[in-house]
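Biologist: I've got a model on screen and I'd like to learn how to read it. Could you walk me through it, starting from a single residue?

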Amino acid sequence: AHLDVIEAAEPSINAFLQVSADIAREQADAVDAKRASGEQLAPLAGVPIAIKDMIVTQGIETTAASKILQGWIPPYDATVITKLKNAGMPLLGKTNLDEFAQGSSTEHSAYGNTNNPWDTSRVPGGSGGGSAAAVGAFEAPLALGTDTGGSIRQPGAFTGTVGVKPTYGGVSRFGAIAMASSLDQIGPVTRTVLDSALLQETIGGHDPKDSTSIPSPAPAMVAAAQQGANRDLKGMKVGLIKELSGDGFDAGVSKRFDEAVEELKAMGAEVVEVSLPHLKYALGAYYIIMPSEVSSNLARYDGMRYGLRVMPPEGVPATAANMMAYTREAGFGDEVKRRIILGTYALSAGYYDAWYGSAQKVRTLIINDFNKAFEKVDVLVSPTAPSTAFKFGEKSDDPIAMYLGDIATIPANLAGVPAISVPAGLSDDGMPVGFQFIAPQQHDEVLYKPAAALE
Ligand code: GLN
């Protein structure tokens, strides 16, 4: 049924880079056979899923929406893909994104735009616009994304879907194409909070193949989401993040956000305002740390090992260095090049302490702010993004305007804490608004109760 929806919707949505119809059918048949033989099945067995093309899939082309990886067929599966396969979940295909997950609109894909299913003249958010649009357009019931600075949550907000960034280390990054390794995390994109809980329990838990993976089992998120359905939040203390409201947030977004806060109060939650004073430096710190790690991680695309290779033209010596230069010039888009250049500069001798070193100190101050806030409240809240989905082209020529839209999502990545975006109604422009909950590290279950209560 989902393959049929994909066929009907793709001409107007373009969420998928690859549809793996044969593989999906084969996997679905295998689950049917197991069911017929009376075998015990996992909770999501038979439920198909779309995968952001930032996650490697054995035998299915994986490009990170970059020309430099065009034609690369990975010889192995990411740990999350192995877990989905073990759970009997058919893979529908690979979804579009900003090249190497760098962007907030999916306009930086080398393979064309993905359209927002609510209004096809608007972006679906980014970088995981493909996964969010696929779930929002009912092409897939579930999807996976990666979130380095909001790439699961902001597209969730823009498409009226649920998106979760787990605790750093809560889900294995083995086989997630690295963008900024200290910030990257794989997580669920779904239509309901309970679906996200089921999916996060399926993909979460310790993985010896990822040295940053937390050596303990995934928290009990399904039970928490089920509790939330009772819509009783008595005893829960909710902190409104002072620095993530007011100026810079669209009136329509703030209005829906305030109404949702009233709903939380009506369900018995105690709501207080909390200040995280160093959040005003979060965007600056992120846009130093992230490109620094990007410049290092993307050094591996050298024309030798994966995908594209461009030889120098006649008259230019065919040396390895020249081949690398021509390959990277042709293979990377402008935004990726911008970040590699910025990051290389920030890490260079003589500038390292001033830029990267300072940004890391700011990061520590932000972590301390979160720790202090969580001494006072159980969960923090903010709008997921300062605006609703914008029109194509509105910000694509202005990187700073695009970066400013990440203000509410990047703090959770810098601090390694879990966060969820849930739909909170429509703004005055008829577009969905996202409501974000943030919980302490390794307490992802804390997100799920109020999120399920609010949806
Ligand atoms: N929009 C952010 C950026 O451009 C987030 C990216 C992400 O989470 N992958 O860096």
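Modeller: Sure. Keep in mind that this is a predicted model. Let's start with D184, which sits in the loop between β5 (162–165) and β6 (186–190).

Biologist: Is D184 buried or exposed?

Modeller: The trick is to count neighbours: 20 or more other C-beta atoms within 10 Å makes a residue buried. D184 has 25 of them, so it's buried.

Biologist: Which residues does D184 contact, leaving aside its neighbours within four places in sequence?

Modeller: Skipping the sequence neighbours leaves the contacts made by folding. For D184 those are T146, T148, R173, A176, A178 and M179. You can also check a single pair by C-alpha distance: D184 and S151 are 33 residues apart along the chain, and their C-alpha atoms are separated by 9.7 Å.

Biologist: S151 rings a bell. Which residues does UniProt list for "active site"?

Modeller: With a record like that, look at who is listed, then at how they sit in space. The UniProt entry, an unreviewed one, gives K52, S127 and S151 under "active site". They are spread over 100 residues of sequence, yet they cluster in space, with 10.6 Å as the largest C-alpha distance.

Biologist: Where is K52 found, and why does K52 count as buried?

Modeller: K52 belongs to strand β2 (residues 49–52). It is buried because 32 other C-beta atoms lie within 10 Å. Beyond four places in sequence, K52 has contacts including T95, G128, G130, S131 and T146.

Biologist: And S127? Where does S127 lie, and what does S127 touch?

Modeller: S127 is in the loop between β3 (91–95) and α4. It has 34 C-beta neighbours inside 10 Å, so S127 counts as buried too. Among the residues it touches, not counting those up to four places away in sequence, are L97, D98, Q102 and S151. That last one is also on the UniProt list for "active site".

Biologist: How many residues of α4 are buried?

Modeller: For a helix, just go through its residues one by one. In α4 (residues 129–136), eight of eight are buried, including S131 and V135. After the helix comes F138, and its phi is positive, near 60 degrees.

Biologist: Which residues come nearest to the ligand?

Modeller: Here you list the shell, then sort it by chemistry. The shell has 14 residues, and A101, S104, T148, G149 and S151 come nearest. By type, the shell divides into three nonpolar, nine polar and two charged residues.

Biologist: Which residues touch the most other members of the largest nonpolar core?

Modeller: Think of the core as a network and look for its best-connected nodes. This one has 126 residues, and I49, I55, A143 and V379 touch the most other members. Helix α9 (residues 282–297) supplies the largest share of this core, eight residues. As for V379, its contacts beyond four places in sequence include V238, F437, V446 and P450.

Biologist: Now zoom out. How many helices and strands are there in the chain?

Modeller: There are 15 helices and eleven strands. For overall shape, compare the radius of gyration with the globule rule: it is 21 Å, close to the 23 Å given for 455 residues, so the chain is as compact as a globular protein of that length. Its C-alpha atoms fill a box of roughly 75 × 65 × 45 Å along the principal axes. Buried residues make up 56% of the chain. Finally, take contacts between residues at least 6 apart in sequence: 75% of them join residues at least 24 apart.

Terms used
Residues are numbered from 1 along each chain as its sequence is written. This is a predicted model: local features need pLDDT of at least 70, side-chain atom pairs count only at pLDDT 80 or more; totals for chains, interfaces and linings use all residues. A nonpolar core is a set of buried Ala, Val, Leu, Ile, Met, Phe, Trp, Tyr and Cys residues joined through C-beta atoms within 7 Å. A residue is buried if 20 or more other C-beta atoms lie within 10 Å of its own, exposed if 12 or fewer, and partly exposed in between; C-beta atoms are placed from the backbone. Helices (H or I, at least four residues) and strands (E, at least two) are DSSP runs, numbered from the N terminus. Two residues are in contact if their C-beta atoms, placed from the backbone, lie within 7 Å. UniProt positions are given in the numbering used here, feature names are shortened, and annotations may be inferred rather than shown by experiment. A residue is near a molecule or strand if its C-beta atom, placed from the backbone, lies within 6 Å of it. Ala, Val, Leu, Ile, Met, Phe, Trp, Tyr, Cys and Pro count as nonpolar, Asp, Glu, Lys and Arg as charged, and the others, Gly among them, as polar. The radius of gyration is taken over C-alpha atoms; the globule rule is 2.2 Å times the number of residues to the power 0.38.
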